[in-house]
Amino acid sequence: VFDLTSRDSLDQKAVMRWVTEISASNPKAELEVVMYAKGFELVMPEKSTVLTEVKNAMKNPNVTFKACEVALKNNKTDKSQLLKEAQTVPDGIYEIISKQQQGWGYIKVMH
């Protein structure tokens, strides 16, 4: 599970590079990008710097992008502003904790 909190273009590029590389080397790998704070801009068509890469990754059923509903509310953003394939979760931090409890690995996205 990838933890993305930044709108920084270098962080967006990094997470998409990692998702793409892991998916290529292990097509059965289950990957989830959880976005909170400003990270959800990764799946906003007007703000994502890697929109093509995100759309390509979304074609893989083993890759999901989940935006935090708390972050959306705090940033006055409606989920209709996200790519339709993006999912939402009530709380991004809790989503990450839940995945870790299920044995998922954790990667904090930073450049």
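Student: With which residue's side chain does the side chain of aspartate 3 make a polar contact of 3.2 Å?
Tutor: The model is predicted: local features need pLDDT of at least 70, side-chain atom pairs count only at pLDDT 80 or more, and totals for chains, interfaces and linings use all residues. Residues are numbered from 1 along each chain as its sequence is written, and side-chain values use heavy atoms, with hydrogens and water left out. A polar contact is a pair of N or O atoms within 3.5 Å; within protein, one must be able to donate a hydrogen and the other to accept it, and residues adjacent in sequence count only if both atoms are side-chain atoms. At 3.2 Å, the side chain of aspartate 3 has such a contact with that of tyrosine 36.

Student: Which side chain is joined to that of aspartate 3 by a polar contact of 2.5 Å?
Tutor: Leaving aside neighbours within four places in sequence, the residues in contact with aspartate 3 include Val34, Ile96 and Lys108, where contact means heavy atoms within 4.5 Å. The polar contact of 2.5 Å is with the side chain of tyrosine 106.

Student: Is aspartate 3 buried or exposed?
Tutor: Aspartate 3 lies in strand S1; strands (E, at least two residues) and helices (H or I, at least four) are DSSP runs, numbered from the N terminus. Buried means under 20% relative accessible area, exposed over 50%, and partly exposed in between (1.4 Å probe, protein chains only). With a relative accessible area of 3%, aspartate 3 is buried.

Student: In what order do the five strands form the open sheet?
Tutor: Two strands pair if DSSP finds at least two bridges between them. S1 and S2 run parallel and are joined by three bridges, while S2 and S3 pair in the parallel sense over five bridges. The pairing in the sheet is parallel, and the order is S4-S3-S2-S1-S5.

Student: Which strands are the edge strands?
Tutor: In the order S4-S3-S2-S1-S5, an edge strand is one that pairs on one side only. The edge strands are S4 (87-89) and S5 (107-108).

Student: Which residue in S3 is the bridge partner of valine 34?
Tutor: S2 is mostly covered, with five of its five residues buried. Leu31, Val33 and Met35 point one way from the strand, and Glu32 and Val34 point the other way. In a regular strand the side chains alternate between the two faces of the sheet. Towards S1, valine 33 of S2 is the bridge partner of phenylalanine 2; in S3, the partner of valine 34 is lysine 66.

Student: What angle does the direction of H1 make with that of S1?
Tutor: H1 packs on the sheet and touches S1, S2, S3 and S5. Axes are lines fitted to C-alpha atoms, for helices over the stretch in contact, and angles run from 0 to 180 degrees between N-to-C directions. Between H1 and S1 the angle is about 165°.

Student: How far apart are the end C-alpha atoms of H1?
Tutor: The expected span of a helix is 1.5 Å times one less than its number of residues. H1 (residues 9-25) has 17 residues and should therefore span 24 Å. The distance between its end C-alpha atoms agrees: 24 Å.

Student: Which residue caps the N-terminal end of H1?
Tutor: The cap places a side-chain oxygen 2.7 Å from the backbone nitrogen of leucine 10. Further along, the buried residues of H1 include Val15 and Val19, and what covers the buried residues includes helix H2 (51-58). The capping residue is aspartate 8.

Student: What arc do the buried residues of helix H4 cover around the axis?
Tutor: In H4 (residues 92-101), Gly92, Glu95, Ile96, Ser98 and Lys99 are buried. They lie on the same side of H4 because they cover a limited arc, taken from the directions from the helix axis to the C-beta atoms. On the other side of H4, Tyr94 and Gln101 are exposed. The arc covered by the buried residues is only 160°.

Student: What is the phi of alanine 37?
Tutor: Alanine 37 sits in the loop between S2 and H2 and is partly exposed, with a relative accessible area of 36%. Its phi is positive in a residue other than glycine, near 55°.
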